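Dear colleague,

Please find below the structure that I am handing over to you, together with its sequence. My account of what was found in it follows directly after.

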2 protein chains.
Amino acid sequence: MINRSARDPAYQQLADLLRAEITSGRIPAGELLPFEGRLAQEHGLGRQTVRKALDVLRREGLVVTERGYGTRVVQQQEREKVPVPRGALIRIRMPSEAERAELGIEAGSVVPVAEVWLGGRLRGTYVGDRTDLTTS
Amino acid sequence: MINRSARDPAYQQLADLLRAEITSGRIPAGELLPFEGRLAQEHGLGRQTVRKALDVLRREGLVVTERGYGTRVVQQQEREKVPVPRGALIRIRMPSEAERAELGIEAGSVVPVAEVWLGGRLRGTYVGDRTDLTTS
DNA sequence: GGACATTTGTACGTATGTATC
DNA sequence: CGATACATACGTACAAATGTC
């Protein structure tokens, strides 16, 4: 239940509730969340407040929203191991909009990337939710 | 100028304008942006729309907002080099709210973290905007 | 310490646009 | 085409943090 007099804002409380549903598996990967209007009604919130809660979960990469369709729990990605040579420098950051398109990052998801530099030159950019880097 | 009939939404256009001011140095690091109400008036937008534009810049790590004070252009962070031993596995992802507090990540900024695993055990968690990993 | 102005944060309602089914 | 559902954008109000006097 949302407690309006709690210190945490309502949108954060709703995000916490939904995150618990997701991480516990009660809402399995691939499943749609209730649509925004329904969440608003169920919890006695405005739709903008629900959208802020969903934004929190998108930033954590837990859900992806498709316009005109709904918000679903993301499938845990198969992770590829990428070897990093010795002497490399790895920098992690958020991608720009152009990079997202280039790297095939789904719209609505919030995923970091890793740059691997060697000898002052960029050797590769890797997407966080489907790559692990290994040092050899 | 904001073009209301353009394909890009108004908040994105404002974010682009402000980003250009920042990256060009016309608004130097440490400087405050005009406050939200002023930006709204200057560009003929609602305050909520201005807030969405600022959110875009916060996600890119370009600005930081302090409640009751204002939004300022961030100082370029001093980056620490963290050596990663051979045979390690590096996983990058977004931090939870609890981790953000633990790692001292400023509220309002969107920053990834890197986990370094060695021998199946977590050896460290590093914040993306102030750390580079180096392989030895 | 209090009083006050300034500024950001949260939350509501409403309307309209646009993508999907 | 219509129904559904998310996206953008406006206005409004009040709460909470900050800085100043």
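In chain B, the helix 2 residues E36(B), L39(B) and A40(B) meet R47(B), V50(B), R51(B) and L54(B) of helix 3, where contact means heavy atoms within 4.5 Å. Helices (H or I, at least four residues) and strands (E, at least two) are DSSP runs, numbered from the N terminus. By class, this contact of helix 2 with helix 3 in chain B comprises four nonpolar, no polar and three charged residues. Here Ala, Val, Leu, Ile, Met, Phe, Trp, Tyr, Cys and Pro count as nonpolar, Asp, Glu, Lys and Arg as charged, and the others, Gly among them, as polar.

Please note that this is a predicted model, in which local features need pLDDT of at least 70 and side-chain atom pairs count only at pLDDT 80 or more, whereas totals for chains, interfaces and linings use all residues. Residues are numbered from 1 along each chain as its sequence is written, chains are lettered from A and ligands numbered from 1 in the order in which they are written, and side-chain values use heavy atoms, with hydrogens and water left out.

Helix 2 (residues 36-43) of chain B packs against helix 3 of chain B at an angle of about 110°, with the axes 8 Å apart. The axes are lines fitted to C-alpha atoms, for helices over the stretch in contact, and angles run from 0 to 180 degrees between N-to-C directions. These two helices of chain B are therefore roughly perpendicular to each other, a term that covers angles of 65 to 115 degrees. In chain A, helix 2 (residues 36-43) and helix 3 (residues 47-59) pack at an angle of about 110°, with their axes 9 Å apart.

As for the relation between the chains, a rotation of 179° with 0.3 Å of shift along its axis superposes chain B on chain A, with an RMSD of 0.5 Å. The superposition is by least squares on the C-alpha atoms of residues with pLDDT of at least 70 in both copies. The two copies are thus related as by a two-fold rotation axis. In chain B, the C-alpha nearest that axis belongs to P112(B), at 2.8 Å.

Turning to the DNA, 24 residues surround strand C, the closest being A10(A), Y11(A), T49(A), R67(A) and R51(B); a residue is near a strand if one of its heavy atoms lies within 4 Å of it. Of the atoms of DNA strand C within 4 Å of the protein, 72% belong to sugar or phosphate and the rest to bases. Polar contacts are pairs of N or O atoms within 3.5 Å. A polar side-chain atom of R47(B) is 2.7 Å from a base nitrogen of DNA strand C, and one of R51(B) is 2.5 Å from a phosphate oxygen of that strand. The side chain of Q48(A) has an N or O atom 3.2 Å from a base oxygen of DNA strand C.

Around DNA strand D there are likewise 24 residues, of which R51(A), A10(B), Y11(B), T49(B) and R67(B) come nearest. Sugar and phosphate make up 77% of the atoms of DNA strand D that come within 4 Å of the protein. Q48(A) also has a polar side-chain atom 3.1 Å from a base nitrogen of DNA strand D, while K52(B) places one 3.0 Å from a phosphate oxygen of DNA strand D.

With kind regards

Conventions:
A polar contact is a pair of N or O atoms within 3.5 Å; within protein, one must be able to donate a hydrogen and the other to accept it, and residues adjacent in sequence count only if both atoms are side-chain atoms. Angles under 35 degrees count as roughly parallel, over 145 as roughly antiparallel, 65 to 115 as roughly perpendicular and the rest as oblique.
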